[in-house]
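Visitor: Could you walk me through this one, a question at a time?

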Amino acid sequence: MADKKHPDDDASAAGVPDDGTAAGAPAPDDATPDAASAADADASADGIEEDELTVQDILDAAEREVAEPTSEHLADLKRVTAEYANYRRRTEANRAIEKERVTGDIVKILIPVLDDIYRAEKHGDLVPDSAFATIAAKLRSSVERLGLTSFGAVGDPFDPTMHEAIFQQPSAAVDTETVGDVAETGYYLGSTLLRAAKVVVQVPSDG
């Protein structure tokens, strides 16, 4: 007698899976959303990263920092501002010192000429309204504009920080040490002593 075939044997022979799904049939619908969600998540992540790197976002961030700077940046700004202010003060002070030094070097060259004018005037050789007197007046005016001032006159109190005593002369006419004569005029350039005045000093005398 022939063996009876079980229906399941026919299905197995035909290549039908045991779970009842036909061979070559599409995957169940519940697998599709998971793959789509993963792809969307990757695309979304990529989009966020690209947005963070755009030039416009960088510019916007810079504008926000300028409008509302952080306390750290404010501290840095104050420090840089203070350093710049100190730098400017040092630069201006050094510039003034250097200017005075250069001017002093130039004026020192003219001091011997001023000495000749002073001696000529002292001995009566500087005739008023003469060509020599006009030139002397222009030279004195020019150096005064550079900041040069002269000092040392008969009757001034003797000051060892300004005067160089070349001779002492006792005198009953004075109560304190006094300039009796001026051999060389002294000069200041601004607040800088260029040369002390060489003077004869009268000192008090009992007799």
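What follows is a short round of questions and answers on the structure above.

Guide: Before we start: this is a predicted model, where local features need pLDDT of at least 70, side-chain atom pairs count only at pLDDT 80 or more, and totals for chains, interfaces and linings use all residues. Residues are numbered from 1 along each chain as its sequence is written, and side-chain values use heavy atoms, with hydrogens and water left out.

Visitor: In what order do the elements of the protein chain run from the N terminus on?

Guide: Helices here are DSSP runs of H or I with at least four residues, strands are runs of E with at least two, and both are numbered from the N terminus. The protein chain comes to 5 helices and 6 strands. From the N terminus on, the order is α-α-α-α-α-β-β-β-β-β-β.

Visitor: What share of the 207 residues of the protein chain counts as buried?

Guide: Buried means under 20% relative accessible area, exposed means over 50%, and partly exposed is in between (1.4 Å probe, protein chains only). Of the 207 residues, the part that counts as buried is 17%.

Visitor: What is the strand order in the open sheet with antiparallel pairing?

Guide: Two strands pair if DSSP finds at least two bridges between them. β1 and β4 run antiparallel and are joined by 4 bridges, while β4 (residues 186-189) and β5 pair in the antiparallel sense over 3 bridges. The 3 strands of this open sheet thus line up as β1-β4-β5.

Visitor: Which strands stand at the edges there, and why is one side of each left without a neighbour?

Guide: Each edge strand has a single partner strand, so one side has no neighbour in the sheet; the two are β1 and β5 (192-195).

Visitor: And how far does that sheet twist on average from one strand to the next?

Guide: The axes are lines fitted to C-alpha atoms, for helices over the stretch in contact, and angles run from 0 to 180 degrees between N-to-C directions. For the β1-β4-β5 sheet, the average twist from one strand to the next is 30°.

Visitor: Which residue stands opposite Leu 189 in β5?

Guide: Let's take the bridges in turn. On the β1 side, Leu 148 stands opposite Leu 189 in β4. Tyr 188 has Leu 193 as its bridge partner in β5. The residue opposite Leu 189 in β5 is Thr 192.

Visitor: Which residue takes a positive phi in the hairpin of β4 and β5?

Guide: This hairpin has 2 residues between the strands. The one with a positive phi, near 65°, is Gly 190.

Visitor: Which non-glycine residue has a positive phi?

Guide: Most residues other than glycine have a negative phi. The one to look at sits in the loop between α4 and α5, and counts as exposed because its relative accessibility is 79%. With a phi of about 65°, it is Asp 129.

Visitor: How is the aromatic pair of Phe 151 and Tyr 188 classed?

Guide: Rings of Phe, Tyr and Trp (its six-membered ring) pair if their centres lie within 6.5 Å; planes under 30 degrees apart count as stacked, over 60 as edge-to-face and the rest as tilted. A search of the whole structure finds 1 aromatic pair. The ring centres of Phe 151 and Tyr 188 are 5.1 Å apart and the planes are at 40°, so the pair is tilted.

Visitor: How many residues apart in sequence are the parts that this pair ties together?

Guide: Phe 151 is buried at 12% relative accessibility, whereas Tyr 188 is partly exposed at 21%. Phe 151 lies in strand β1 and Tyr 188 in strand β4, so the separation in sequence, in residues, is 37.

Visitor: What is the strand order of the open sheet with mixed pairing?

Guide: β2 and strand β6 (residues 197-204) run parallel, joined by 8 bridges, and Gln 168 has Val 201 as its bridge partner in β6. The edge strands, each pairing on one side only, are β2 (163-171) and β3 (178-184). The order is therefore not hard to read off: β2-β6-β3, with strands paired as defined by at least two bridges.

Visitor: Which elements give two or more residues to the lining of the largest pocket?

Guide: On a 1 Å grid over the protein atoms alone, a pocket is an open set of points where a 1.4 Å probe fits, with protein on both sides within 12 Å along at least five of seven lines, and lining residues have an atom within 4 Å of a point. Lining residues of the largest pocket include Tyr 118, Arg 140, Ser 150 and Tyr 187. The elements asked for are α4 (71-122), α5 (131-145) and β1 (148-151).
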